Amino acid sequence: MIGRIWKGITREADKDAYFEYLKKTGLKEYAATPGNRGVCVLRRVYDGKAEFTLISLWDSWDTIKAFAGPEYEKAVYYPEDKKFLLELEPHVTHYQVLQSA
């Protein structure tokens, strides 16, 4: 199994609206992709900002590519992300999952 980690930062005032947007876009698309084993959504609020960390779990590289496309190291963004995110990180990080509860 492979863990895919994406991070994004919004203004604190946008934290709830962005989470609702995530549920309608990326989280929905994760769930609809065969081979996705779920996602953990983390949020940390500090200094007037909200940092989101998404840790999605995938069966294989092929299932990640089915979600992200052939350039699977690149972050996937949706039309209104620019409205919320303070910057668009170009890449995600992948890890081999050694154990999951």
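**Exercise 1. A salt bridge and its surroundings**

Which side chain meets that of Asp-16 in a salt bridge, and what is the N to O distance? Then classify both residues by accessibility.

*Solution.*
Step 1. The model is predicted. Look for the partner of Asp-16: the salt bridge is with Lys-15, at 3.8 Å, N to O.
Step 2. Apply the cut-off: a side-chain nitrogen of Lys or Arg must lie within 4 Å of a carboxyl oxygen of Asp or Glu. The pair of Asp-16 and Lys-15, at 3.8 Å, is counted as a salt bridge.
Step 3. Check exposure. Asp-16 has 45% relative accessibility, so it counts as partly exposed. Lys-15 has a relative accessible area of 22% and is also partly exposed.
Step 4. Look for further partners. A network of salt bridges links Lys-15, Asp-16 and Arg-43.

**Exercise 2. Two other salt bridges**

How many salt bridges does the structure hold? Take the pairs of Glu-51 with Arg-44 and of Lys-83 with Glu-80, and describe each partner.

*Solution.*
Step 1. The total is eight salt bridges. Side chains of opposite charge can pair when their charged atoms come close.
Step 2. Glu-51 and Arg-44 meet at 2.9 Å, N to O. Glu-51 is buried, with a relative accessible area of 13%. Arg-44 is partly exposed, at 46%.
Step 3. Arg-44 has another contact to note. Its charged end sits over the ring of Tyr-46, 4.0 Å from the ring centre.
Step 4. Turn to Lys-83 and Glu-80. Their closest N and O atoms are 3.7 Å apart. Lys-83 is exposed, at 53% relative accessibility. Glu-80 is partly exposed, at 38%.

**Exercise 3. The strand pairings of S1**

Which strands pair with S1, and in what sense? Trace the partners of Arg-4.

*Solution.*
Step 1. Strand S1 covers residues 2–11, and strand S3 covers residues 49–58. The two pair in the antiparallel sense over ten bridges.
Step 2. S1 also pairs with strand S4, residues 93–96. This pairing is antiparallel too and runs over four bridges.
Step 3. Follow Arg-4. In S3, Ser-56 stands opposite Arg-4. In S4, the bridge partner of Arg-4 is His-94.

**Exercise 4. The buried side of helix H1**

Which residues of helix H1 are buried? Find how they are arranged and what they pack against.

*Solution.*
Step 1. Helix H1 spans residues 15–24, and Tyr-18, Tyr-21 and Leu-22 are buried in it.
Step 2. These residues cover an arc of only 105° around the axis, so they lie on the same side of H1.
Step 3. List the neighbours. The buried residues of H1 pack against S1, helix H2 (26–32), S3 and helix H4 (81–84).

**Exercise 5. Aromatic pairs**

How many aromatic pairs are counted? Describe the pair of Tyr-18 with Phe-84 and the pair of Trp-61 with Tyr-72.

*Solution.*
Step 1. The count comes to nine aromatic pairs.
Step 2. In the pair of Tyr-18 and Phe-84, the ring centres are 5.3 Å apart and the planes are at 55°, so the pair is tilted.
Step 3. Place both rings. Tyr-18 lies in helix H1 and Phe-84 in helix H4, so the pair ties together parts that are 66 residues apart in sequence.
Step 4. Check burial. Tyr-18 is buried, with a relative accessible area of 1%. Phe-84 is buried as well, at 6%.
Step 5. Go to Trp-61 and Tyr-72. Their ring centres are 5.3 Å apart and their planes are at 45°, so this pair is tilted.
Step 6. Trp-61 is in helix H3 (residues 61–68), and Tyr-72 is in the loop between H3 and H4, eleven residues apart. Trp-61 is partly exposed, at 39%. Tyr-72 is partly exposed, at 21%.
Step 7. Return to Tyr-18. Ring pairs link Tyr-18, Tyr-21, Phe-52 and Phe-84 into a cluster.

**Exercise 6. A backbone angle**

What is the phi of Asp-47? Locate the residue and give its exposure.

*Solution.*
Step 1. Most residues other than glycine have a negative phi.
Step 2. Asp-47 has a positive phi of about 45°, although it is not a glycine.
Step 3. Asp-47 is found in the loop between strand S2 (36–46) and S3.
Step 4. Asp-47 is exposed, with a relative accessible area of 72%.

Notes
Residues are numbered from 1 along each chain as its sequence is written. This is a predicted model: local features need pLDDT of at least 70, side-chain atom pairs count only at pLDDT 80 or more; totals for chains, interfaces and linings use all residues. Side-chain values use heavy atoms; hydrogens and water are left out. Two strands pair if DSSP finds at least two bridges between them. Buried means under 20% relative accessible area, exposed over 50%, partly exposed in between (1.4 Å probe, protein chains only). The arc is that of the directions from the helix axis to the C-beta atoms. Contact means heavy atoms within 4.5 Å. Rings of Phe, Tyr and Trp (its six-membered ring) pair if their centres lie within 6.5 Å; planes under 30 degrees apart count as stacked, over 60 as edge-to-face and the rest as tilted. A charge sits over a ring if NZ of Lys or CZ of Arg is within 6 Å of the ring centre and within 35 degrees of the ring normal.
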